[in-house]
Amino acid sequence: MATPMTEMLKGTLEGVVLAILTVRPAYGYEITARLREDGFTDIAEGTIYALLNRIEQRGYVDVAKVASEKGPPRKVYSLNAAGAEALDTFWRSWSFLSERLEQLRHEGK
């Protein structure tokens, strides 16, 4: 059964990953590790790879194959102009939503 955190994260994870990629290019495992370091411990690696495929298909990232010391080449994702625009849209939506939720929370006190 999904927890409230899992349900809320479903709608925001794409923006979170785009925000991580705005700092620097990264491959899937790096992104998963970063999220886990930030406390998102329940995120499955497969969830991140599926999300990366989706944002690649939407044209939000550029992908480079980089040689790996441990196996096949890694796909390294970097945010492109379309991804930066999608991230701006995400942050505007996030600001609107969080402001309205804070208003509701304080109205109830």
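Arg100 and Glu99 make a good way in: the two form a salt bridge, and their closest N and O atoms sit 3.3 Å apart. Keep in mind that this is a predicted model. Arg100 has a relative accessibility of 33%, which counts as partly exposed, and Glu99 is partly exposed too, at 46%.

How many salt bridges does the structure hold? There are 8. As a general point, side chains of opposite charge can pair when their charged atoms come close. Here are three of the pairs, with the N to O distance for each.

| Salt bridge | Closest N and O atoms |
|---|---|
| Arg100 and Glu99 | 3.3 Å |
| Glu7 and Lys10 | 3.4 Å |
| Glu102 and Arg105 | 3.2 Å |

Take Glu7 and Lys10. Both residues belong to helix H1, and they are 3 residues apart, or about one turn of the helix. Glu7 is partly exposed, with a relative accessible area of 43%. Lys10, at 60% relative accessibility, counts as exposed, because the cut-off for that word is over 50%.

Glu102 and Arg105 are spaced in a similar fashion: they lie in helix H4, 3 residues apart, about one turn of the helix. That spacing fits a general rule. An α-helix has 3.6 residues a turn, so residues three or four places apart point the same way. Glu102 has a relative accessible area of 35% and is partly exposed; Arg105 is partly exposed as well, at 48%. Some salt bridges share partners, and in this way Glu14, Arg54 and Arg58 are joined into one network.

Helix H4 also brings us to something without charge. Leu97 lies in H4, and at 45% relative accessibility it counts as partly exposed. Together with Phe96, Leu101 and Leu104, Leu97 forms a nonpolar patch on the surface, and the four share about 410 Å² of accessible area.

Now for the inside. In soluble globular proteins, nonpolar side chains tend to be buried together. Here the largest nonpolar core has 22 residues, and the ones with the most contacts inside it are Leu13, Val17, Leu21, Ile31, Ile48 and Ile55. Which elements give two or more residues to this core? They are helix H1 (4-23), helix H2 (28-37), helix H3 (45-57), strand S3 (74-79) and helix H4 (81-107). H1 provides the largest share, with 7 residues.

Ile48 is a handy residue to click on if you want to see how the core fits together. Leaving aside residues up to four places away in sequence, Ile48 touches Leu13, Val17, Gly28, Ile31, Thr32, Leu35 and Ile43.

Four of those names turn up again in helix H2, whose buried residues are Gly28, Ile31, Thr32 and Leu35. Why do these residues line one face of the helix? Looking down the axis of H2, you find the buried residues within an arc of 100°, so they line one face of the helix. As for what that face meets, the buried residues of H2 pack against H1, strand S1 (26-27), H3 and S3. Just after H2 comes Gly39, which takes a positive phi of about 100°.

Notes. Residues numbered from 1 in each chain as written. Predicted model: local features only at pLDDT ≥ 70, side-chain atom pairs only at ≥ 80, totals over all residues. Heavy atoms only, no water. Core = buried A, V, L, I, M, F, W, Y, C linked by side-chain atoms within 4.5 Å. Buried < 20%, exposed > 50% of the residue type's maximum accessible area, 1.4 Å probe, protein only. Helix = DSSP H or I, 4+ residues; strand = E, 2+ residues; numbered from the N terminus. Contact = heavy atoms within 4.5 Å. Arc of directions from axis to C-beta. Salt bridge = Lys/Arg side-chain N within 4 Å of Asp/Glu carboxyl O. Patch = residues over 30% accessible without salt bridge, like charges linked within 9 Å, V, L, I, M, F, W, Y side chains within 5 Å. Areas by Shrake-Rupley, 256 points an atom, 1.4 Å probe, with all protein chains shown as cover.
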